[in-house]
Amino acid sequence: MSEQHVHRVTARIHRHLLLNPLPPRCYPASMTALNPLSPEMRGTLYERIGQGALRSLLERFYARVAQNELLAPIFPGSRESSLWQVTLDKQFAFLSGFLGGPPLYHQQYGNPMLRARHLPFAVTPARAGAWLACMQHALEHSPEIGPGAAAELYAALSRVALHMVNSEDGSEG
């Protein structure tokens, strides 16, 4: 992928974030909430969110993804409904370790190799934006996740979404 392509994709993701910012409740009173050295940010993000809240967030998220015409077709659950639970469980395992909790994904499946595992799918800037919009909606409807943790999680997942882009818009097929 050329450097020019990366810059175009980055600009599209940033434009999405500007046009679809987190709601006010997801922003901390001061921006120190994104600073891991802040006294109010003790523990890992996994510990601050909690196992139950993370699973509930993912249930809300995948319910939204399943209804998204741009995203649903690339998920196995769109072909076999029972596979939505498998996808949710894998995402929970990944995010548990990614957020500083137990490395469940590594234990069950090995190295995540996120980009390599997503290469068979056309992950376009539009799909990355739709994925983030589904996550933003799920966070907005997750009162058990505090505003600072929600903002930190969304920022981390925004970087992941940008990293996953491997195709130009229009190549969704």
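User: When does a charge sit over a ring?

Analyst: The rule asks that NZ of Lys or CZ of Arg is within 6 Å of the ring centre and within 35 degrees of the ring normal. Here, Arg 55 lies over the face of Phe 92, 4.2 Å from the ring centre. Lys 90 lies over the face of Tyr 109, at 5.0 Å from the ring centre. A word on the source: this is a predicted model, where local features need pLDDT of at least 70, side-chain atom pairs count only at pLDDT 80 or more, and totals for chains, interfaces and linings use all residues. Residues are numbered from 1 along each chain as its sequence is written, and side-chain values use heavy atoms, leaving out hydrogens and water.

User: Which secondary structure does the protein chain have?

Analyst: Helices (H or I, at least four residues) and strands (E, at least two) are DSSP runs, numbered from the N terminus. The protein chain has eight helices and zero strands.

User: How do I read the span of helix H3?

Analyst: The expected span is 1.5 Å times one less than the number of residues. For the 17 residues of H3 (residues 51-67) that gives 24 Å, and the end C-alpha atoms are 25 Å apart, which agrees.

User: Which residues of H3 are buried?

Analyst: Buried means under 20% relative accessible area, exposed over 50%, and partly exposed in between (1.4 Å probe, protein chains only). In H3 the buried residues are Ala 53, Leu 54, Leu 57, Leu 58, Phe 61, Tyr 62 and Val 65. Seen down the helix axis, they fall within an arc of 165° (taken from the directions from the axis to the C-beta atoms), so they line one face of H3.

User: And how many residues of H7 are buried?

Analyst: H7 is mostly covered, with 12 of its 16 residues buried. Among them are Trp 131, Leu 132 and Met 135.

User: How is a pair of aromatic rings described?

Analyst: By the distance of the centres and the angle of the planes. Rings of Phe, Tyr and Trp (its six-membered ring) pair if their centres lie within 6.5 Å; planes under 30 degrees apart are stacked, over 60 edge-to-face, and the rest tilted. The count here comes to eight aromatic pairs. Phe 94 and Phe 98 form a stacked one, 5.3 Å centre to centre with 25° between the planes. Both lie in helix H4, four residues apart, about one turn of the helix. Phe 94 is buried at 12% relative accessible area, whereas Phe 98, at 36%, counts as partly exposed. Ring pairs also link Phe 61, Tyr 62, Phe 75, Trp 84 and Trp 131 into a cluster.
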